[in-house]
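Visitor: I have a new model open and would like to learn how to read it. Could you walk me through a few features, one at a time?

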Protein chains: 2
Amino acid sequence: MCNFLKSQLVHLFLVISFFRLVAQPAESVKEPVSKDNPKWVIVIHGGAGGPVKGSLSASQEEAYLNMLSQALESGSAILRSGGTSLEAVTAAVCFMEDCPLFNAGKGAVLDEEGKAELDAAVMDGRTLKAGAVGGVRTVKNPVLAAVAVMEKTKHVMLAGPGADRFAREQGLKIVPASYFIVTDRYEKWKQTKPGADAVHGTVGAVALDQSGNLAAATSTGGMSRKMVGRLGDTPIIGAGTYANNKTCAVSCTGHGEFFIRNVVAYDLSALMEYKGLPLAEAAEYIVNDKLKSQKADGGLIAVDKEGNIAMPFNSNAMFRGYKTSDDRSLVAIFK
Amino acid sequence: MCNFLKSQLVHLFLVISFFRLVAQPAESVKEPVSKDNPKWVIVIHGGAGGPVKGSLSASQEEAYLNMLSQALESGSAILRSGGTSLEAVTAAVCFMEDCPLFNAGKGAVLDEEGKAELDAAVMDGRTLKAGAVGGVRTVKNPVLAAVAVMEKTKHVMLAGPGADRFAREQGLKIVPASYFIVTDRYEKWKQTKPGADAVHGTVGAVALDQSGNLAAATSTGGMSRKMVGRLGDTPIIGAGTYANNKTCAVSCTGHGEFFIRNVVAYDLSALMEYKGLPLAEAAEYIVNDKLKSQKADGGLIAVDKEGNIAMPFNSNAMFRGYKTSDDRSLVAIFK
């Protein structure tokens, strides 16, 4: 997982001064201003991984935290003005797809052939409608393609060249394959050998809006040096992404194969619905008991219908943050 | 769903005399010979759909029932001689993939371009390992490609051209695209218009072996006139396919998009594990309450660790059957 850190450091310095100019400083955790449930909540992640605390310089940490703050604000602005949770999670994920720091959209890790193959999913907790794309290579924002699958087709999931074609037909922004590849990511890819420890990471967002509706969105470049055509948990409804107004909205990040086998996102919902566990307890059990016992590293973010937040992870770090209508907020990297 | 029936009738008559020659007559339901749990169980389905009772002639019904009996026997022979549940479900699904009567492998329905795109998955309840392929076009037995993904890669799911390439590299039998297309299926495809009611169907098997291990396998050609790249529930672990020694093994068939949104296969396991429901009650609730209320047609087959069997469906028919070590067996089509 150290590879994940190293591969990001080179271009981090190139973009860091830009972030300093435009970003707000990270906000610290505050106590709730009231005992009432918040009117809206957004929670995001930018991947769980291995950078050990202290291995990032202060300015590097600041750059990550600033990007998380901006992604949060892009979703919060929508929720504040009465927009839907689906619009908010889509906006936050789009922002992180466009940012080369995260393994989604621009800046994605590369597969065994040195190409970016991108996966994304969204789910609307109000309708249980969902959309997903797997292995797209030309769509600038895969999460928008997932939304289009949900809204414009009778299907839930499109994968491979058919998904790229659909996105083009829908008028989504198409980019050359080179758009996704940031230089140092490619240099790093050339240096690693097939079979080397896989780098992974994901971005995601979950939200509760002022109408009480939940939504989740997730996007990823997958696992470094993955086989062509490999799909991880991100585009699998129930594994990496799930939302249901009855329970919670969930977005996962980590070693995708384990998240598929454990049906992690739906498992959280099922523990709440069928076993009556509170969100935090269910999330903690899945990440720090069930997954940990299988040596499956990663974490998840979740929000329930009352606006409770959970962000457990069993890796060294998870890039994460939240913001609520009652003025609580956090952006953080380490435990 | 009547289309499903019609499209099969033409070549049914062509193969019917062959089946009569080689098949054993369908066995009827018998009472258990002992109160002990059976040593092994296999349950299969050949798709849920719409043929109304009485719309099949006696000889047509006999042909279907004979094929189901043979598929059951191909799995039972393995379980009887001490083979694993994984081997048994794979053999039964291979048999149905090779049979042109079912929508899987040879005889699959065709996508919007008139081509077969095939999905399959397997899961081993002992290890929670799983494998799946989506949208393959050249692998004679997609379920064998799913097994290879599980056993030979660090991934769970491969989709599109990468999955075909992997299967070829693994030495699996590769066939021309024309292999999958049976003549009347193609004629039927030419007559239907884009947007017409979709025909779907699936084959699947679940089993308990003499060592007490559960496994599930599912395979399909998907939905007629589906968009290129569409994946249904079949290759999605937790949606169409799931197995866990703690609870049950499940294979689903029906309107795949609903099965994805409802994470049906894992939902059955979760209702047993978290709510303590018996297999039959949990399966009945999902199929005839939850899915039915969403107008989601289909069914599932399942076996639990004690060898209990459930086969609920909310459509007019589900091609199905089971066989156990204590000499119970059934093959059936209608309610």
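Guide: Gladly! Let's begin with strand pairing: two strands pair if DSSP finds at least two bridges between them. Please keep in mind that this is a predicted model. In chain A, strand β10 (residues 298-304) is joined to strand β11 (residues 309-310) by 2 bridges, and the two run antiparallel.

Visitor: Which residue is the bridge partner of A302(A) in β11(A)?

Guide: That is A310(A). The two strands form a hairpin with 4 residues between them, and there G307(A) takes a positive phi near 90 degrees.

Visitor: And how many bridges pair β10(A) with strand β9 of chain A?

Guide: There are 7 bridges between β10(A) and β9(A), which covers residues 248-254, and the sense is antiparallel. To find your place in that pairing, look at S251(A), whose bridge partner in β10(A) is I301(A).

Visitor: How many of the residues of β10(A) are buried?

Guide: For burial we ask whether the relative accessible area is under 20%. In β10(A), 7 of its 7 residues are buried, so the strand is mostly covered by that cut-off. Try looking at its two faces in turn: G298(A), L300(A), A302(A) and D304(A) lie on one side, G299(A), I301(A) and V303(A) on the other, and all are buried.

Visitor: Can we try the same reading on a strand of chain B? Which residues point each way from β12(B)?

Guide: A317(B), F319(B), G321(B) and K323(B) point one way, while M318(B), R320(B), Y322(B) and T324(B) point the other way. Here 8 of the 8 residues are buried, and β12(B) is mostly covered.

Visitor: Which strands pair with β12(B)?

Guide: Strand β1 of chain B (residues 41-49) is joined to β12(B) by 7 bridges, running antiparallel, and I44(B) has G321(B) as its bridge partner there. Strand β13 of chain B (residues 329-334) is joined to β12(B) by 5 bridges, also antiparallel. In that pairing, L330(B) of β13(B) stands opposite Y322(B). β12(B) and β13(B) make a hairpin with 4 residues between them, and D327(B) in the turn has a positive phi of about 70 degrees.

Visitor: Now for helices. Why is α4(A) described as largely enclosed by the rest of the structure?

Guide: Start with the general idea: an α-helix has 3.6 residues a turn, so residues three or four places apart point the same way. Now the case in hand: α4(A) spans residues 142-152, and 8 of its 11 residues are buried, so the rest of the structure largely encloses it. The buried residues are P142(A), V143(A), A145(A), A146(A), V147(A), A148(A), V149(A) and M150(A).

Visitor: What do those buried residues pack against?

Guide: They pack against helices and strands of chain A: α3 (85-98), β2 (118-124), β3 (130-136), β4 (157-159), α5 (161-169) and β6 (214-220).

Visitor: How should I describe two helices that pack together?

Guide: Two packed helices are described by the angle between their axes and the distance between the axes. For α8(B) (residues 264-275) and α9(B) (residues 279-293), the angle is about 135 degrees and the axes are 9 Å apart. The two are therefore oblique to each other, and the crossing is right-handed. V264(B), D267(B), L268(B), L271(B) and M272(B) of α8(B) meet residues of α9(B), including L279(B), A282(B) and I286(B).

Visitor: One last feature: how many salt bridges are there over all chains?

Guide: The count is 26 over all chains. One of them links E73(B) and K323(B), whose closest N and O atoms are 2.9 Å apart. E73(B) lies in helix α2 of chain B (residues 58-80) and K323(B) in β12(B) (residues 317-324), so the pair ties together parts that are 250 residues apart in sequence.

Visitor: Are those two partners buried or partly exposed?

Guide: E73(B) is partly exposed at a relative accessible area of 28%, whereas K323(B) is buried at 15%. For another example, K115(B) and E113(B) meet in a salt bridge at 3.8 Å, N to O. On the chain A side, salt bridges that share partners join E112(A), E113(A), K115(A), R165(B) and E169(B) into one network.

Note on methods:
Residues are numbered from 1 along each chain as its sequence is written. Chains are lettered from A and ligands numbered from 1 in the order in which they are written. This is a predicted model: local features need pLDDT of at least 70, side-chain atom pairs count only at pLDDT 80 or more; totals for chains, interfaces and linings use all residues. Side-chain values use heavy atoms; hydrogens and water are left out. Buried means under 20% relative accessible area, exposed over 50%, partly exposed in between (1.4 Å probe, protein chains only). Contact means heavy atoms within 4.5 Å. A salt bridge is a side-chain nitrogen of Lys or Arg within 4 Å of a carboxyl oxygen of Asp or Glu. Axes are lines fitted to C-alpha atoms, for helices over the stretch in contact, and angles run from 0 to 180 degrees between N-to-C directions. Angles under 35 degrees count as roughly parallel, over 145 as roughly antiparallel, 65 to 115 as roughly perpendicular and the rest as oblique. A crossing is left-handed if the near helix is turned anticlockwise from the far one by less than a right angle, and right-handed if clockwise.
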